[in-house]
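Q: I would like a close look at one part of this structure. Please take the salt bridges, and then go on to the nonpolar packing and the polar side chains that go with it.

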Amino acid sequence: MNSHKTPSNQRPEGLPDGVEPYRQSPVFTQDSVPDAFLQEHNTKDGVWAVIHVDSGKLFFEVPSTGTEKTLEAGDITVAEPVVPHRVEPIGAVSFWVEFWR
């Protein structure tokens, strides 16, 4: 597994017991964020996505629950399995995603 700037040895709040990290995305910027991330998308059943913001700001939304957050450098948030969510850069940003199951 790749190692990014934000330590993954800190278990993010909101993850159930028994899940472990198994994969990490590359670091994305406002210029390289995949188009699919800008639209509603979801993880597979049993897979949590932990979004780590290294610099800048990233908007995170879960339309079905009305959840909207502006994540800043050092922030982490969890996207639950099969729950549609999306992100949107707010200016210059650097972030990556860690997948747990």
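A: Start with two charged residues, R86 and E61: both are buried. The model is a predicted one, so every distance here is computed from it. R86 has a relative accessibility of 18%. The cut-off for buried is under 20%, so R86 qualifies.

The side chains of R86 and E61 form a salt bridge, with 2.7 Å from N to O. Where do the two partners sit in the chain? R86 belongs to strand 6, which covers residues 86-100. E61 belongs to strand 3, which covers residues 48-62. The pair therefore ties together parts that lie 25 residues apart in sequence.

R86 has another partner. Its side chain also meets that of E88 in a salt bridge, at 3.1 Å from N to O. What is the exposure of E88? E88 is partly exposed, because its relative accessible area is 36%, and partly exposed runs between the 20% and 50% limits. The structure holds two salt bridges. E61, R86 and E88 are linked by salt bridges into a network.

Now the nonpolar packing. The largest nonpolar core has 17 residues. Which of them touch the most other members? They are F37, I51, L58, F60, V87, F95 and V97. Two elements, strand 3 and strand 6, each give two or more residues to this core. Strand 3 gives the most, with six residues. The salt bridge between R86 and E61 involves these strands too, with R86 in strand 6 and E61 in strand 3.

F95 is worth a stop. Leaving out residues up to four places away in sequence, F95 touches P26, V27, F28, V33, F37, I51, H52, V53, D54, L58 and V87. Among these contacts, F37, I51, L58 and V87 are also named with F95 as core residues that touch the most other members. Another core lies apart from this one. That core has six residues, including L15, V19, V78 and W100.

One polar residue on the F95 contact list is D54. D54 lies in strand 3. Is D54 buried or exposed? D54 is buried, because its relative accessible area is 14%, and the limit for buried is under 20%. The side chain of D54 has a polar contact with the side chain of W96, at 3.3 Å.

Terms used:
Residues numbered from 1 in each chain as written. Predicted model: local features only at pLDDT ≥ 70, side-chain atom pairs only at ≥ 80, totals over all residues. Heavy atoms only, no water. Salt bridge = Lys/Arg side-chain N within 4 Å of Asp/Glu carboxyl O. Helix = DSSP H or I, 4+ residues; strand = E, 2+ residues; numbered from the N terminus. Buried < 20%, exposed > 50% of the residue type's maximum accessible area, 1.4 Å probe, protein only. Core = buried A, V, L, I, M, F, W, Y, C linked by side-chain atoms within 4.5 Å. Contact = heavy atoms within 4.5 Å. Polar contact = N/O pair within 3.5 Å; in protein donor to acceptor, adjacent residues only side chain to side chain.
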